[in-house]
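Q: Please take a close look at one part of this model, the open sheet and what packs around it, and set it in the context of a few other local features. A connected account would suit me better than a list.

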Amino acid sequence: MASARSAVPAGAREAPDVTLTGVAGAGLTPLEVLRRLDAGPRGLVESEAQRRLERYGENAVLPQRPAAWAWRLLGTLRDPFTAVLLGLGVISAVATSWNTACVIAVLVAVSCVLRSAGEYRADRSVATLRELIATTATVQRRAAEESAPLVREIPVEELVPGDVVRLGPGDMVPADVRLLRADGLAVHQAALTGESAPVPKRVPDTPADLARPLFDQPHLCFAGSSVTAGTATAVVTATGPGTHFAGAHRGVARRRTSAFDRSVNGISWTLIRFMLLAAPLVLVVNAVVRGRGLETLPFAVAVAVGLTPEMLPVIVTTALARGAADLARRVGVIVKRLPALHDMGAIDVLCVDKTGTLTQDQLAVDCYLDADGRTDPAVLHWAAVNSLWTIQLADVPAPDALDEAILLAAESLGDTAADSADWVASPPARRERTVSAVRDPAAARATLTDVTGIDVIPFDPARRLVTAVVACPGRHGVHTLVVKGAVEDVVDRCALDDETRARVLRLAERRAADGLRLLAVATADRPARARPYTPADERGLTLLGLVGLRDELAVTADDALAALARRGVDVKVLTGDHPGTAARVCAELGLEPGEIVTGEQIDQLDDARLAQLAADRVVFARCTPAHKARIVRALRRGGHTVGFLGDGVNDVPAMHAADVALCPRDAVDITREAADVVLADKDLTAIDSAVASGRRGTGNIATYLRIAVSSNVGNVISMMVAGVLLPFLPMLPAQVLVQNLCFDVSQLAFAYDRPGAADGGRPSVLRPYAFSRYITVFGLINAAADLATFAILGLVSGGQTAFHSGWFTENLITQALVMLLLRTAPGRVPGALRWSTGALAAVGLLLPLSPLGAALGLHALPYPYYPLLAVVLVAYGAALAVARRSPLAAANGA
């Protein structure tokens, strides 16, 4: 480092060359860590932090930089249809068929530009989302070397090695850090270790044990974990790609193959194989029957182009982008990856966690019982005393959900000065009043008699309880310890005989099986003293009883579950909660829980048995992140299209295992990065809207494919028959390509169609082989109309030019007719579709009369042709209507 610094200009300091990662850094003392990072406990100077940011880059695990327009345009060439078209264009150019090559170039250019524009609009929506959900970190920095440290919020991307950060409850650990100070700190490391329980962290008094696994080191915290309790000050040792989280999730950006990918790729290559077979077949037929040689090559290329639904990428992008924009505008749902909207329409299983989806992010007191199971308001009173003074003395930024529920319940019993009329206010109003009260010491003392807070022993994940030390009125020289926490841990500290202890634990087990979260409450008197209280004082307690809490059901959950059921989507609950808790919530919502599967049972099943069990069961409890991901994979192996809704780092493995991943907007950073769809809130109603939008988009894509491919197949059949019967080509290559261009442009209107309501009642998947019967039948009907037109042209006109003009006109008009009659939605035709089909028919009638038509080898047709053509069109329309009502219409590929 010394040699490197010698090249730095005078007065400037270069960022350190080393970031501390691995076990080697774990063995250093805090002072050694700060020295290695060239930092100090007061924080970095702003100018030094800027130099380090330039050196190490942004603190982003998955940097998101929008692609330049040129690269985006080149990326569209990877589409299989576009690549085949380019190959056909090169063949045409080699054969010196410049008209064919030019028209193919126009088709490719139109497709690429339209697709790039759609992707650009989608990227702008994602960029807007990132601005709305930008994450910050609390950092301690100095304006200059002599300045006092200033604590402020900065974007998490601006953190650098050597920064001193502060952590509190609910914070994400923004980078890999080394603790300098910690008070009751516990972090959730599921994204790194799969362990769902919080892990206590502290600054050890003795040197670190380097034999321990890295993630078990008590003084190290890692990016991707979150703070569940306590506070800490730490120094950043590694950022961005240098963090252990980045190493563990290096492949996160490489997504699994989704339902959309499988469908579109399957359809694309099925059609490409057919197209590559048709072109040589045209050459062979003309060579064998008519003795034509390579002069038919441009025509064969044009036939191949005519078979290609080259607008499929554009239709897909336009239909899905339109649906995504509508979702963002109406319900605040952001679709980050456009194909995910198709996958939303295809899902038939939605996996959710119970918390915040089926229930609200709040609890309510269900009961307060003494040791014999009888209701006792004194238990609730003392639990409220503990909650109130824990919040006050620990200076918690906001009440914990448990404490909030207990305070609200105590208020309802008259423990506060609020009158009964005020109590009937809405829960948010009551909650706001309670939060305000506990922030005001004077108001707080008035809420729960005259008890005065003295000290608090904060919650520790290892002891699983919290203690408030209070002074009660009239009891001079005595302090009362009020202890609240996990039943087993509180009971272990109480002076109870074996019989009473067993009875209390049985009572707790029964109520837990009913779906309640239980806390035990105990007290003990100690002589008043000035020195702080410690966990050693939590002994010889007197058990008061138990407080049972239940999850408040989400207001919209019942209706949303019913709506998803109507759409054919099964909801499965994957939770880490007690089986009884999950069962109670599901039963209250009308979601029959059946036999619940636990994480222990999952561990004993092989993949085949788990796939069978996952399809049949509804609730999976006591699940770790690994269990959730395994269940999702098992469902997908069983043929289901699976969505997963998560909001924490522990949900990331399951989200990446699913076909489509969803999260709420307030989810943690890495969860938002892993998600395909971001909801405004944790509300299943928004998911129902996304499913409906996805099915509309998929319906429009399927409509395009059905109509485009069946018409194209009919034309190819007609061309091969005409090649056998006629002494000339049935249509010139340039005419085929112009006709195809008109088809493609008009069919863009399908992106704005409204599929029938019946299509939204079942999962919609683009099935590659489900198109075959549909395409065959309607293609043959189209070919029959063409052959009837050939017969008419043979009667009313003669010559090659008349034949080309007549078939060109008939093709465009029948295409317009097909677009109107084979769309899935009955009733009123959208304006875009009316204009496009009208324009297509007008081009068919007027282009042969125009100067451009003459340049293409077209001219005006004799008048007797038109009434006879009308007869063919009426018969064609009747045949389409009859065939559409047949069972074949159900085998439409979606």
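A: A residue is called buried when its relative accessible area is under 20%, exposed when that value is over 50%, and partly exposed in between. The model is a predicted one, and with these cut-offs R622, at 44% relative accessibility, counts as partly exposed. R622 lies in the loop between β19 (619–621) and α26 (625–637), and its phi is near 55°, a positive value in a residue other than glycine. Most residues other than glycine have a negative phi. D38 likewise has a positive phi, of about 55°, although it is not a glycine, and D38 is found in the loop between α3 (30–36) and β1 (44–45).

The strand that precedes the loop of R622, β19, belongs to an open sheet of 8 strands with mixed pairing, whose order is β9-β22-β21-β20-β10-β17-β19-β18. The edges are held by β9 (334–335) and β18 (597–598), each of which has a single partner strand, so that one side of each is left without a neighbour in the sheet. At the β9 edge, the pairing with β22 (residues 677–679) is antiparallel and runs over 2 bridges, with I334 standing opposite V678 in β22. Helix α29 (residues 684–725) packs on this sheet, where it touches β10 (349–352), β20 (642–645), β21 (660–664) and β22, and the direction of α29 makes about 155° with that of β10.

Besides touching the sheet, α29 packs with helix α32 (residues 800–821) at an angle of about 155°, the two axes being 10 Å apart. Because angles over 145 degrees count as roughly antiparallel, α29 is roughly antiparallel to α32, and the crossing of the two helices is right-handed. On the α29 side the contact is made by I707, S711, N715, S718 and M719, while α32 contributes W807, N811, Q815, V818 and M819. As a general point, an α-helix has 3.6 residues a turn, so residues three or four places apart point the same way.

Another helix can be described through its burial. Helix α16 (residues 401–412) has 12 residues and reaches 17 Å from its first C-alpha to its last, close to the 16 Å expected at 1.5 Å a residue. Of its 12 residues 9 are buried, so α16 is largely enclosed by the rest of the structure; the buried residues are D403, E404, A405, I406, L407, L408, A409, A410 and E411.

Definitions and conventions. Residues are numbered from 1 along each chain as its sequence is written. This is a predicted model: local features need pLDDT of at least 70, side-chain atom pairs count only at pLDDT 80 or more; totals for chains, interfaces and linings use all residues. Side-chain values use heavy atoms; hydrogens and water are left out. Helices (H or I, at least four residues) and strands (E, at least two) are DSSP runs, numbered from the N terminus. The expected span of a helix is 1.5 Å times one less than its number of residues. Buried means under 20% relative accessible area, exposed over 50%, partly exposed in between (1.4 Å probe, protein chains only). Two strands pair if DSSP finds at least two bridges between them. Contact means heavy atoms within 4.5 Å. Axes are lines fitted to C-alpha atoms, for helices over the stretch in contact, and angles run from 0 to 180 degrees between N-to-C directions. Angles under 35 degrees count as roughly parallel, over 145 as roughly antiparallel, 65 to 115 as roughly perpendicular and the rest as oblique. A crossing is left-handed if the near helix is turned anticlockwise from the far one by less than a right angle, and right-handed if clockwise.
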